[in-house]
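Me: Hi! I have a model open and would love to walk through its surface and a few strands with you. Can we start with the greasy bits on the outside?

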Amino acid sequence: MKILKLSFKNINSLKGNFEIDFERFEDGIFAITGATGAGKSTILDAICASMYAKTPRLTNKNVYELMSKHTGDLFCETLFEINGKRYKSRYSLKRARGKSDGNLQPPKMLLSDEDGNIIEESVKKVPKKIEELSGLDFERFTKSIILSQGNFDAFLKASSNEKAELLEKITSAQIYSLISQKVYNKHKEKKLQIEFLKEKIENIELLSEEESKNLHTQKTALLKEKEEIEKISKNLREEIQNLKKIEELLNKQKLLLRNKESLKREIKSNEERFEKYQKAKKAKKIIREWQNYLNKKEELKALKKKIQNFTKIDSISTESINNLINDIKNQINAIKEEKEKKTKKLKSYQKIEIKKTDLSPLLLEKENILKQEKKYEEIKRDFIKISTLNEKISLLQKTKNQKELSLKDKITKKELLLKDISSIKELLEEKEKRRELGLKIISLEEERKKLTSGSPCPLCGSTSHPWADKKSPDLSKLDKEIAKKKREFQEYQNNLISLEKEIGSLQSEISGNLDMIKEYESEIEKLAKNTKEFENIKELEGFIRKNEIQKETIEKKIKEAQRTNEEMQAILQKISTIEKDILKTTHEIKDKENFLSTLQEFEKDFIKIQKEKNDLKEIFLKKANEEGFENQEEFKEALLDEREMEEIERLKNRLDKERIEIESKLKELSKELEGKDFDENRLLEKENILKEYLSKYEKIIFDIASIEERFKIDSKNREKIENLNKNLQEELKEFEILDILNSLIGSAQGDKYRKFASSITLDILIEAANRHLKVLNERYLLKRSQKELDIEILDTYQANIQRPINTLSGGESFIVSLSLALALSDLVSEKVKIGSLFLDEGFGTLDSESLEAVLFALNNLKNQGRNIGIISHVEALKDRISKKIKVIKLHAGESRIEIEY
């Protein structure tokens, strides 16, 4: 990474706009000079704020303190280069309305390429993107590009643990502490697991050979006794069954006799209904003749009403009908005469020849033009819609790409989280199993106290009791561990739920974006079909103008034709009136003739139906007498509706059927009970004996099941021990490796492996520092002492004698610190080459010879393609370095910049 140009406004004492072009320092080294407090370090603050939204002196929460007093805005912008590509990062902050007393507005950041294309926006995203491009986060950036002597002075004098922590932060090697702790915890967990397995195996009891033999003998005896009881019980059940069968037959016989008496009473109570039913059956034989007579009577009544409605005469007779017919004939003759007069008048009008102008072709042509005009307007709207949809698709595609990147990152986080949850869950299950076993042991404490050696256990039958004298385990420590793991597990689960919601939301949003893009593309495809006959909207507008001219011409022709037709329409109206009069008269004649014909037909039907009604009445009365009915009233009284007749018939049939069934069943029961006696006391005696045998049988079954359960438990326990031993061997193999690893790098605080890794890192750092130290001061070399992470000095002028760091002078300490700072710059910038270096103060402690050595070393770095900025107020440096950025103090705490390129 190389800093090329810096622009800023209103930062600390540097009020106003400033620009520094670092590319113009051709020889690569330059000085930033000025009095103490003038604002030299403000230039470095501006670079840091523009790229990371924070500075070494201020956090990102109060960067607003950089803003010059009595100003309303600030900005800082850095142009930098990474692997040959140039980028521009800008940070800006404003107060409301740009006034110095306005409220602070949220800060803004923007990262773009050299051509101005935006890569990333926002204070959160820009620093992360710069870290992704360069491999340098803020901490690495301030240790590889902006070097501060004070920090390394503290490092040199720190203890071993403090050095290890500092090296971790400097080189991002915190992983070694985590590995050390992980190994220690895994070793501890594995050891507890092995102890738990051993304890589990010891707690499983097996049947001895003698106990097994005794149980087999007991089972054989019980099976024999069971077989004898089954035989006796079978005979008793058969005898009891026979007695119960006789008892059941006697009960059935009593019930049937009661039912027979009840049935007799029901038949007697319904005798009157049965007599009425017989009369109704006779009436039913002649019901058809009665119905025919009634139908004909109703038919005559209906015809009479029909004639009354037709003629509007209340009293109907043959004479009244004939009078009405004569009146209608006279009316018909008068109407025919009127028709002849109007027909003659119509013929006189028809002699006038009228020719109508046909408007159809003109109207059709106008309609076609209007349709075409409507079609063109639709196409025009479609052109506009296509343009709008294309803009929407472009915006949606950009949003989708951003969300897909975010989704990928969250899925990776979820996978890591699931692995952690699985590990915690396994460990929690192990601890809960141990706790469950402990609780079980505690719950049986009172029972264990009752056990005596040689006496069988009431639960398992064993005569040996290894747990009788053991103390119950203390579960308080284990409970705390379980509670802690549960909280940790719940925290991880909550994080997972939150992450899954975010993933689901992003997936849904991406899917929604895709659906909308497809929908818009589909809509564009449909719209394009309608617009394919025109290349663009301008061509379409030309066709629309032509249509409008054509439409105006046709409308003029239509108006002329309409005037001609209006004149002819008046004449045709008169002819139409006469034709309607003739049609009306013709209809009246026809209606009167039809009325007359219908009336004559009614007269014939009336006489015919009246005769048929009288004939049917005589037939009915004759047949009624034959069935024993003297008149119509007696016949009507005998009639019953079908529902009542069916009900009586069903009742009679049911009673007859029940009587026959009861008599038949009583005969069968009498035959079955012949020669059979029933004794209730004998039945009770047999049932009591059977109960006693069944009680014995249940006890034997329970005892056999208990013995079989003992054998089953013993078999499972043997299988359990075998599986546990296998698991124990596997765990011991793993523990053997973990035990060696734990002895080498494992520790509760993670310091064992951290110190080891830090010592290697320190060796690499010292080796790189010594390369720089040979140039800066060839007298001294750095060396790691045998005492962990302490650093000593080798004095090559005194036969490589070792000296403690604190024996160095101030100037020597600065040179050693500078060599370490330069080495660190190499160490923390593995991903990208460092092309710029800023050294902030510390040169005041150097003598002239040391200053020469430092400048010589810095010139070597310059020759490697680096720009080097030295911040100092040392006069000798100002004289030696021709290229300068001068920070000059003004009045009221303000400064200005002068640049000598």
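Me: Which residues make the nonpolar surface patch?
Reply: Ile175, Leu178 and Ile179 make a nonpolar patch of about 250 Å² on the surface. To be in a patch, a residue needs over 30% relative accessible area and no salt bridge; nonpolar side chains (Val, Leu, Ile, Met, Phe, Trp, Tyr) are joined within 5 Å, and like charges within 9 Å. A salt bridge is a side-chain nitrogen of Lys or Arg within 4 Å of a carboxyl oxygen of Asp or Glu. Areas come from the Shrake-Rupley method with a 1.4 Å probe, and for residues only the protein chains shown count as cover.

Me: Before we go on, what sort of model is this?
Reply: It is a predicted model, where local features need pLDDT of at least 70 and side-chain atom pairs count only at pLDDT 80 or more, while totals for chains, interfaces and linings use all residues. Residues are numbered from 1 along each chain as its sequence is written, and side-chain values use heavy atoms, leaving out hydrogens and water.

Me: Thanks! Is Leu178 buried or exposed?
Reply: Leu178 is exposed, because its relative accessible area is 51% and exposed means over 50% (buried is under 20%, partly exposed in between; 1.4 Å probe, protein chains only). Leu178 lies in helix H6, residues 175-202. Helices (H or I, at least four residues) and strands (E, at least two) are DSSP runs, numbered from the N terminus.

Me: And where is Lys200?
Reply: Lys200 is in helix H6 too. Lys200 counts as partly exposed, at 31% relative accessibility.

Me: Which residues gather with Lys200 in the positive patch?
Reply: Lys433, Lys440, Lys712, Lys716 and Lys720 join Lys200 there. Lys and Arg count as positive and Asp and Glu as negative, with His and the chain ends not counted; a charge is placed at NZ of Lys, CZ of Arg, CG of Asp or CD of Glu.

Me: Which helix gives the largest share?
Reply: H17 does, with three residues. Helix H11 (360-443) and helix H17 (680-745) each supply at least two.

Me: New topic: how does S14 pair with S3?
Reply: S3 (residues 29-34) and S14 (residues 884-889) run parallel, joined by four bridges. Strands pair if DSSP finds at least two bridges between them. Ala31 stands opposite Lys884 of S14.

Me: What stands opposite Lys884 in S15?
Reply: That is Glu900. S14 and S15 (residues 895-900) run antiparallel, with six bridges. Their hairpin has five residues between the strands, and Ala892 takes a positive phi near 55 degrees in the hairpin.
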